[in-house]
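I opened the notebook to look up some packing and empty space today. Here is the model, and my entries follow below it.

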Amino acid sequence: MLHHNSLSEKSMERFSTLFTTLKIGQLLRQSGIRKSFGLSALAVFQIVFSLVFHHRNWFRLLESDRGASLPGKDVVYRFLNHSGFAWRRFL
């Protein structure tokens, strides 16, 4: 189990490096995708993006041991469904 946690932390570091290299944070801001408080838009996007590579859905991730350190499901749902975010411009 300890190995799985370190692998997860290592993959998050890789995503962080990738996002920095591709300037995803700047692209999010240019697209008008911002959060006014709490976690940054980049942090929430990075968590949602990493779900695909961990082969998990949001519900299963919240039920895991790491669930306590993650934002609530409302944060993610509001982030993804916000009508003011220009997701097509971002893509």
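**Entry 1: one residue and its contacts.** I started with I47 and skipped its neighbours within four places in sequence; that leaves contacts with W58, L70 and P71. I should say at the outset that I am working with a predicted model. I47 is found in helix α3. Is I47 buried or exposed? I get a relative accessible area of 10% for I47, so I put it down as buried, since the cut-off for that is under 20%. I also looked up how I47 sits relative to M12: the two are 35 residues apart in sequence, and their C-alpha atoms are 8.6 Å apart in space.

**Entry 2: the cavity.** Next I asked how many cavities of 30 Å³ or more the structure holds. I found 1. The space in the largest cavity comes to about 50 Å³. Which residues line it? My list reads M12, I47, S50, L51, H54, L61, R66 and L70. That brings I47 and M12 back together, as both belong to this lining. L70 is on the list too, and I had already noted L70 as a contact of I47. By class I wrote down 5 nonpolar, 2 polar and 1 charged residues for the lining. Helix α3, residues 41-54, gives the largest share of the lining, with 4 residues.

**Entry 3: α3 against α5.** Since α3 kept turning up, I looked at how α3 packs on helix α5, which covers residues 73-81. I get an angle of about 100 degrees, and the axes are 11 Å apart. An angle from 65 to 115 degrees counts as roughly perpendicular, so α3 and α5 go into my notes under that word. Which residues meet there? From α3 I have A41, V44, F45 and V48, and from α5 they meet V75, V76, F79 and L80. Sorting the residues of this contact by class, I count 8 nonpolar, no polar and no charged.

**Entry 4: the largest pocket.** Last, I turned to the open space. The largest pocket has a volume of about 260 Å³. I noted its lining as R34, K35, S36, F37, G38, L39, V75, R78, F79, H82 and F85. V75 and F79 are in this lining, and I had both on the α5 side of the contact with α3. What is the split by class? I wrote 5 nonpolar, 3 polar and 3 charged for the pocket lining.

Notes: Residues are numbered from 1 along each chain as its sequence is written. This is a predicted model: local features need pLDDT of at least 70, side-chain atom pairs count only at pLDDT 80 or more; totals for chains, interfaces and linings use all residues. Side-chain values use heavy atoms; hydrogens and water are left out. On a 1 Å grid over the protein atoms alone, a cavity is a set of points where a 1.4 Å probe fits but cannot get out, and a pocket is an open set with protein on both sides within 12 Å along at least five of seven lines; lining residues have an atom within 4 Å of a point. Grid points are joined across faces, edges and corners, and a volume is the space filled by probe spheres set on the points. Helices (H or I, at least four residues) and strands (E, at least two) are DSSP runs, numbered from the N terminus. Ala, Val, Leu, Ile, Met, Phe, Trp, Tyr, Cys and Pro count as nonpolar, Asp, Glu, Lys and Arg as charged, and the others, Gly among them, as polar. Buried means under 20% relative accessible area, exposed over 50%, partly exposed in between (1.4 Å probe, protein chains only). Contact means heavy atoms within 4.5 Å. Axes are lines fitted to C-alpha atoms, for helices over the stretch in contact, and angles run from 0 to 180 degrees between N-to-C directions. Angles under 35 degrees count as roughly parallel, over 145 as roughly antiparallel, 65 to 115 as roughly perpendicular and the rest as oblique.
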